[in-house]
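Here is a colleague's note for someone opening this entry without any background. Please keep the structure in view while reading.

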Amino acid sequence: MNTEAHVKDGLHWLSCFKAQQVAEFSLRSILRALGRPAFGHNLVAFLNELAGICPGLTTELRFCVGYLDKMYVSGFNYGDIEKAPPHRLVKEYGVTHEKLWNNLREFLEYIVPIAEQSNVKIAMHPDDPPIPEFRGIPRIMNSIESFEKLLILVRSDYNGITLCQGNFTLMTDDLPSVIKRFRDRIFFVHFRDVKGDRYNFVETLIGEGKTDLVGVMRAYVEIGYNGYVRVDHTPTLENDAELGAPGYNYLGRIYTIGYIKGLYEAVKREFSKEILNA
Ligand SMILES: [Mn+2]
């Protein structure tokens, strides 16, 4: 593994992921050789199992293993960055929330008329994670109100939203009503699931998180949504580790596509029945 080359190519994640894989296979082999159970990908659980047989594992080792776990199932914990030094952009550019909103307004004023002429809809994705600042860098697309502001910043049928469920579900407890409120300004859907809150969450397999997926699908059907729906981040499944960045492997995405298709057919059928009976 050539970490320096990975970093140079913007593939830092690949080195982290490979390190996780090496740790996973090593711990699993040791446990299996000792006749102990070793299933799944949870390195901390493996280490706890091992601690029962080999006392004296260091705190540092535990910390490293816990860190590597995050290279596999993607998530965010504010505690990990709380003490990190401010990002260099803060010092170099003095970015503030106000500057970002002004930049966004100027950008939209320039680009929206071009989008209209070219018949291209533009769709803002939320900040991920949707928190007010990240290592001192302000973030502005992190609440339902900020998306309402986006839509009136430059009023146009071509200025809209990417409804990334993973982030939106962390901004509201009632995502279906938000979908109904934004209606025809939603141009793109990222259909996924998370559990936790905006300061501490993990990206889950579809249907295992906090999102009311039936309610959400029902809302898309009710507003007659006819834009694109894309599978988004999913946990990596067994034997599907080498094919892409964490969050983008094949099996999790295929599983999600099946879930979406099934849910859509069921909800659509229920909805048409209700319309007929009304
Ligand atoms: Mn997304």
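The points below go from the whole chain to its sheet, a hairpin, a helix pair and a single residue.

1. Status and overall make-up. The model is a predicted one. The chain holds 11 helices and 9 strands. Its C-alpha trace spans about 65 × 60 × 30 Å along the principal axes. Of the 278 residues, 27% count as buried. Among contacts with a separation of 6 or more, 66% are between residues 24 or more positions apart.

2. Domains. The assignment splits the chain into domain 1, covering 3-72, and domain 2, covering 91-277. Taken over C-alpha atoms, the centres of domain 1 and domain 2 are 32 Å apart.

3. The parallel sheet. In which order do the 4 strands of the open sheet lie? The order is β2-β5-β6-β9, with parallel pairing. At the edges are β2 (122-124) and β9 (228-231), each of which pairs on one side only. On average, neighbouring strands of this sheet are turned by 30° against each other, direction ignored. As general background, strands of a sheet pair through backbone hydrogen bonds, either parallel or antiparallel.

4. Pairings across that sheet. A reader can walk through the order strand by strand. β2 pairs with β5 (residues 159-164) in the parallel sense over 3 bridges, and Met124 has Ile161 in β5 as its bridge partner. β5 in turn pairs with β6 over 4 bridges, also in the parallel sense; here Thr162 is matched with Phe188 in β6. Another 4 bridges join β6 to β9, and these strands run parallel. Within β9, Arg230 stands opposite His190.

5. Cover of β6. Is strand β6 (residues 186-191) mostly covered or mostly open? β6 is mostly covered, with 5 of its 6 residues buried.

6. The antiparallel hairpin. Strand β7 (residues 193-197) and strand β8 (residues 200-204) run antiparallel and are joined by 5 bridges. The two form a hairpin, and 2 residues lie between β7 and β8. Lys195 has Val202 in β8 as its bridge partner.

7. A helix pair. Two packed helices are described by the angle between their axes and the distance between the axes. For helix α3 (residues 43-51) and helix α4 (residues 59-69), the axes come within 8 Å and cross at roughly 150°. Why are α3 and α4 called roughly antiparallel? The cut-off for that term is an angle over 145 degrees, and α3 and α4 are therefore roughly antiparallel to each other.

8. What the two helices bring to the contact. From α3 come Leu43, Val44 and Leu47, which meet Arg62, Val65, Gly66, Leu68 and Asp69 in α4. By class, the residues of the contact of α3 with α4 divide into 5 nonpolar, 1 polar and 2 charged.

9. Glu148. This residue sits in helix α7 (residues 144-153). Is Glu148 buried, exposed or partly exposed? Glu148 has 13 C-beta neighbours inside 10 Å and so counts as partly exposed; the exposed class ends at 12 and the buried class begins at 20. Glu148 and Gly160 are 12 residues apart along the chain, and their C-alpha atoms are separated by 9.9 Å.

Key: Residues are numbered from 1 along each chain as its sequence is written. This is a predicted model: local features need pLDDT of at least 70, side-chain atom pairs count only at pLDDT 80 or more; totals for chains, interfaces and linings use all residues. Two strands pair if DSSP finds at least two bridges between them. Domain bounds come from an automatic or database domain assignment. Axes are lines fitted to C-alpha atoms, for helices over the stretch in contact, and angles run from 0 to 180 degrees between N-to-C directions. Angles under 35 degrees count as roughly parallel, over 145 as roughly antiparallel, 65 to 115 as roughly perpendicular and the rest as oblique. Two residues are in contact if their C-beta atoms, placed from the backbone, lie within 7 Å. Ala, Val, Leu, Ile, Met, Phe, Trp, Tyr, Cys and Pro count as nonpolar, Asp, Glu, Lys and Arg as charged, and the others, Gly among them, as polar.
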